[in-house]
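Please find below a short colleague's note, meant for someone who is meeting this structure for the first time. It deals with one topic, the salt bridges between side chains.

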Amino acid sequence: MSEVFDIRDQFEHYTHVGIAVRDMDRYVKRMTEAFGYKVANYGQTPDSPDKRYNGEYEDFAFKLAFIYRGDQMLELLEPIRGRNVISEYLEKCGEGLHHFNYNVHHYDEVVAHLKEQGYNMIMEGTSFRHPGHRWCYFDTMDDFGYDIELFELYEGEE
């Protein structure tokens, strides 16, 4: 049985803001020119059998770019293939703010809490930067205008 925790602690600080983009190279170039931002690292979602979209396996992939400014991080996501929340967002809304990410120590409990609040988990998988760590997106667009992403932290991680 897990320890008792206050759900508010899990949402105290967001870790990053996710931005949906159609053309990563163009977007990064423009952010560099306009604001002096530099990409700290690039990546791509890993191939794995545990990726799910609306509860079913989906072979989706994204290009990812991470930009750090002080203690803040922007995550840029460009869809490559498959059905996924970023492609869906770009279709409906165009480029822009897609999600706020929260790193949580009580992943399963926070997932259960959001489901109890009536939110649907719409996409999930494991991290390419932190093997074994789980992440998921909840559809909170109607209430907040953006989705919520959770990222699992292990005991002792910050």
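The points below take up the salt bridges and the exposure of the residues that form them.

1. The model is a predicted one, and the salt bridges counted in it come to eleven. Among them are the pairs Arg26 with Glu95, Lys29 with Glu33, and Lys51 with Asp59.

2. The side chains of Arg26 and Glu95 form a salt bridge, with an N to O distance of 2.7 Å. Because Arg26 belongs to helix α2 (residues 24-35), whereas Glu95 sits in the loop between α3 (85-93) and β7 (96-104), this pair ties together parts that are 69 residues apart in sequence. Arg26 is partly exposed, at a relative accessible area of 42%, and Glu95 is likewise partly exposed, at 29%.

3. In helix α2, Lys29 and Glu33 are four residues apart, which means that about one helical turn separates them, and their side chains meet in a salt bridge of 2.7 Å, N to O. Lys29 is exposed, with a relative accessible area of 53%, while Glu33, with 48%, is partly exposed. Both residues also belong to a network of salt bridges that links Lys29, Arg30 and Glu33.

4. Is Lys51, which pairs with Asp59, buried or exposed? Its relative accessibility is 2%, so Lys51 counts as buried, the cut-off for that class being under 20%. Asp59, by contrast, is partly exposed, with a relative accessible area of 32%. In this salt bridge the closest N and O atoms are 3.6 Å apart, which satisfies the criterion because that requires the two atoms to lie within 4 Å.

Technical notes:
Residues numbered from 1 in each chain as written. Predicted model: local features only at pLDDT ≥ 70, side-chain atom pairs only at ≥ 80, totals over all residues. Heavy atoms only, no water. Helix = DSSP H or I, 4+ residues; strand = E, 2+ residues; numbered from the N terminus. Buried < 20%, exposed > 50% of the residue type's maximum accessible area, 1.4 Å probe, protein only.
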